[in-house]
Amino acid sequence: MMILVTGASGSGKSAYAEQLAGQLAGTLPGGQAAKYYLATMQIYDEEGLRKVWRHRQMRYGKGFLTIEQPVAVHKALAKMQGENRTVLLECISNLVANEMFSEKKTVLKRQVVETAIHDIRLLKEQTAHLIVVGSNVFDDGIAYDPATMAYMRALAKISRQLAALADQVVEVVAGIPLAVKQ
C-alpha cells in the first residue's frame, strides 16, 4: 500500500506520516515490523540543521531505522532487511531539489520526473507499506526565477503522478488529516 501525505510547510504532515507508519507497521505479520525512514534532506545551513534535529527528535523512540538517501532513493532498498517493511520517505520536495540541482549538474525537469517516479514505484513494489511525504507548491502565487519555476513544475508533476500511483492521498491542514483519495 502506498499513501501520499501532502500539505503546507508546518502543517503537521510529518507527525501524521510518522504516526501512520507506526500504525501500518503494527498490522504486518509478526507485530511491529521494520520501519524505515528515508531522509532526503541535505544540510546546507543552520536552518537545515535545526529542521533535521527537530525531525530526529520527533522520531526518537519510535523504532525507525533511518537511511540518509538524498538522491536515488531506490538504492535504499539494498540497505533494508526483511520483506515486511514499512517505509516513510521524507520528503519529495527535498528529493526533487537534490536530483535537479547539484554542484556538478543541473538535470532537466523531464529526467527528474522520470527518475523520481521510477524510484518511488520500485519502493512501492518492494515494501509492504510506503508513505511518501510531499509539499504543496504554488500556494503563495509568486513567480520565481526560471530555475525555481522549473523545480516547482517538476515537483507539481511528480505530485500528480504520485497521487495517481498512491492507494490513498491525505492532505494535512493545521494538523488535521483530510482524505483526498481513499
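Me: Which helix does the largest share of the positive patch come from?
Reply: Happy to help! This is a predicted model, where local features need pLDDT of at least 70, side-chain atom pairs count only at pLDDT 80 or more, and totals for chains, interfaces and linings use all residues. Residues are numbered from 1 along each chain as its sequence is written, and side-chain values use heavy atoms, leaving out hydrogens and water. The largest share of the patch, 3 residues, comes from residues 146-165, which form helix H5.

Me: Which residues gather in this patch of positive charge on the surface?
Reply: A patch joins like charges within 9 Å, or nonpolar side chains (Val, Leu, Ile, Met, Phe, Trp, Tyr) within 5 Å, using residues with over 30% relative accessible area and no salt bridge. A salt bridge is a Lys or Arg side-chain nitrogen within 4 Å of an Asp or Glu carboxyl oxygen. The residues gathered in this surface patch of positive charge are Lys109, Arg153, Lys157 and Arg160.

Me: Is arginine 153 buried or exposed, or does it count as something in between?
Reply: Arginine 153 lies in helix H5. Buried means under 20% relative accessible area and exposed over 50%, with partly exposed in between (1.4 Å probe, protein chains only). Because its relative accessibility is 42%, arginine 153 counts as partly exposed.

Me: How many helices and strands are there in the protein chain?
Reply: Helices (H or I, at least four residues) and strands (E, at least two) are DSSP runs, numbered from the N terminus. From that end, the elements run β-α-β-α-β-β-α-α-β-α-β-β. In total, the protein chain has 5 helices and 7 strands.

Me: What share of the 182 residues do buried residues make up?
Reply: Let's picture the whole chain: its C-alpha atoms fill a box of roughly 50 × 35 × 35 Å along the principal axes. Among the 182 residues in the protein chain, the buried share is 45%.

Me: Which residue does the cis peptide bond from glutamate 90 lead to?
Reply: The omega of this bond is near -5°. The residue it leads to sits in the loop between strand S4 (85-90) and helix H3 (92-100). That residue is cysteine 91.

Me: Is alanine 72 buried or exposed?
Reply: Alanine 72 has phi near 50°, a positive value in a residue other than glycine. Its place is the loop between strand S3 (64-68) and S4. Because its relative accessible area is 15%, alanine 72 is buried.

Me: And is alanine 174 buried or exposed?
Reply: Alanine 174 also has a positive phi, near 50°. Alanine 174 is found in the loop between strand S6 (168-173) and strand S7 (176-181). With 71% relative accessibility, alanine 174 counts as exposed.

Definitions and conventions:
Areas by Shrake-Rupley, 256 points an atom, 1.4 Å probe, with all protein chains shown as cover. Lys, Arg positive; Asp, Glu negative; His and termini not counted. Charge placed at Lys NZ, Arg CZ, Asp CG, Glu CD.
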